[in-house]
Amino acid sequence: MNFGLTDEQEMIVSTVRAFVEKEIYPHEDAVERTGEVPEAVAQAITQKTIDLGFYACNFPESVGGAGLSHVDFALVERELGRGSMALTHFFGRPQNILMACRDEQIERYLLPAVRGERMDALAMTEPDAGSDIRGMKCAAVRDGDDWVINGTKHFISGAEHADFVIVFVATGEDQTPRGPKKRITTFLVDRGTPGFTIREGYQSVSHRGYKNMVLDFDSCRLPQEQVLGEVDGGFAVMNEWLYATRLTVAAMAVGRARRAFDLALNYAAERKQFGQPIGKFQGVSFQLADMITEIDAADLLTLNAAWRLDAGLPANREIASAKVFATEMLARVTDAAIQIFGGMGLMNDLPLERFWRDARVERIWDGTSEIQRHIISRDLLRPLGA
């Protein structure tokens, strides 16, 4: 069992980390202050990512991606996690479910997204359907050869920059012993389609500049060609996406925690009180020990889950474990880092208070901590008939 990185993986880590430090860090304070990413900055990050050969690195080489393994991609996301999400968004990782594109969809959506020519966003959550995805009310009904969508989606990240949106909507209902069960279909919807509008969402304390938007569908008419995958097959497409995104959240949490830890460690070694560095006091040194232990544990959980995906092994429980542990670890580590800095930790002169606020949403989006624990416990109990 080898826990070391290959030379190529070491190069991936060093390259992406250097990119984040050079191209992302300098813009973070301005984005945090204004809540906006200037268009010139966004375009520059995208172009530099393309030049670096990392744009759409989560896609196979057969469609123009870098063909990274799940472990490689987790390492990329871990390093991106050190920077502002509002800015690293433009590093460009299109939704992997675009691999479900067929026929003309490949030329209209998949390939332009991989090349960085068109940006996508994904719309799943609704005001009354968060963790309960099957409870969604946004629905599409057939009208001749077309589909007509009505309803609302909210908390949609990146939609203000998207050229098209991947939307999950209800397209029917089955009666089951446990009650009605929605059938879900995935659609590709272009910005500017009649009946489809994108508007500002809510003001969030987390990830300023990485906006959430509201999508409204008012008799939005789409041809059959806009269905991604199979009609009523959206839940399978959704699960494929959730695997990837939950692993991404875990990896980014590890990266963000390491940045907070590095700040706290250096401060503990330099800051003097009572005639010695505060790191010499057990109250601080033991916090540092706990922080790095948790960070390393979350890192190993995340990379193990990615390795299982690469090996073709079941990984649902392992991904859920990585997501719940890494995101809750991030909350503890950022809180401890602020405690080590004392009052200065809460000042916006340092990024720690931002990391602390940003950490809160990680336990909610892409499956709450409660959903992850449900997945883990179900995986353990089902084989026993419970």
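This is a guided tour of the structure above, one selection at a time.

The model is predicted, so to speak a computed one: local features need pLDDT of at least 70, side-chain atom pairs count only at pLDDT 80 or more, and totals for chains, interfaces and linings use all residues. Residues are numbered from 1 along each chain as its sequence is written, and side-chain values use heavy atoms, with hydrogens and water left out.

**Stop 1: helix H1**

Select residues 7-34, which form helix H1. Helices here are DSSP runs of H or I with at least four residues, strands are runs of E with at least two, and both are numbered from the N terminus. H1 has 28 residues and spans 40 Å from its first C-alpha to its last, close to the 40 Å expected at 1.5 Å a residue. That expected span is 1.5 Å times one less than the number of residues.

Where does H1 bend? Go to Ile24, where the helix turns by about 45°; the bend is the angle between axes fitted to the seven residues ending there and the seven starting there. A proline, Pro26, follows within four residues.

Now colour the buried residues of H1, among them Gln9, Ile12, Phe19, Glu28 and Glu32. Buried means under 20% relative accessible area, exposed over 50%, and partly exposed in between, with a 1.4 Å probe and protein chains only. Just after H1, select Gly35, which takes a positive phi of about 75°.

**Stop 2: from H1 to H9**

Keep Glu32 on screen and add Arg354 and Arg357. A salt bridge is a side-chain nitrogen of Lys or Arg within 4 Å of a carboxyl oxygen of Asp or Glu. Arg354 and Glu32 meet in one, at 3.9 Å from N to O. Arg354 lies in helix H9 and Glu32 in helix H1, so this pair ties together parts that are 322 residues apart in sequence. Arg354 has 5% relative accessibility and counts as buried, and Glu32, at 15%, is buried too.

Arg357 also forms a salt bridge with Glu32, with the closest N and O atoms 2.4 Å apart. Since Arg357 lies in H9 and Glu32 in H1, the pair links parts that are 325 residues apart in sequence. Both Arg357 and Glu32 are buried.

**Stop 3: a salt-bridge network**

How many salt bridges does a search of the whole structure find? The search finds 34. For one of them, select Asp296 and Arg258, whose closest N and O atoms are 2.9 Å apart. Asp296 lies in helix H7 (residues 282-310) and Arg258 in helix H6 (residues 234-270), so the pair ties together parts that are 38 residues apart in sequence. Asp296 is partly exposed at 33% relative accessibility, whereas Arg258 is buried at 16%.

Widen the selection to Arg17, Arg78, Glu79, Arg82, Arg258, Asp262, Asp296 and Asp299: these residues are linked in a network of salt bridges.

**Stop 4: two loops with a positive phi**

Most residues other than glycine have a negative phi. Select Ala56, whose phi is near 55°, a positive value in a residue other than glycine. Ala56 lies in the loop between helix H2 (39-52) and helix H3 (70-80), and at 0% relative accessibility it counts as buried.

Next comes Asp232, which is not a glycine but has a positive phi of about 70°. Asp232 sits in the loop between E8 and H6 and is partly exposed, with a relative accessible area of 32%.

From there, step to Val227 in strand E8 (residues 227-228). Val227 is buried at 5% relative accessibility. Add Thr186: Val227 and Thr186 are 41 residues apart in sequence and 5.9 Å apart in space, C-alpha to C-alpha.

**Stop 5: the cysteines**

A disulfide is a pair of cysteine sulfur atoms within 2.5 Å, and a search of the whole structure finds zero. Why does Cys57 have no such bond? The closest cysteine sulfur, in Cys101, is 18 Å from that of Cys57, too far for a bond. Cys57 is buried, with a relative accessible area of 0%. For Cys138, the closest cysteine sulfur is in Cys220, at 9.2 Å, again too far for a bond. Cys138 is buried as well, at 1%.
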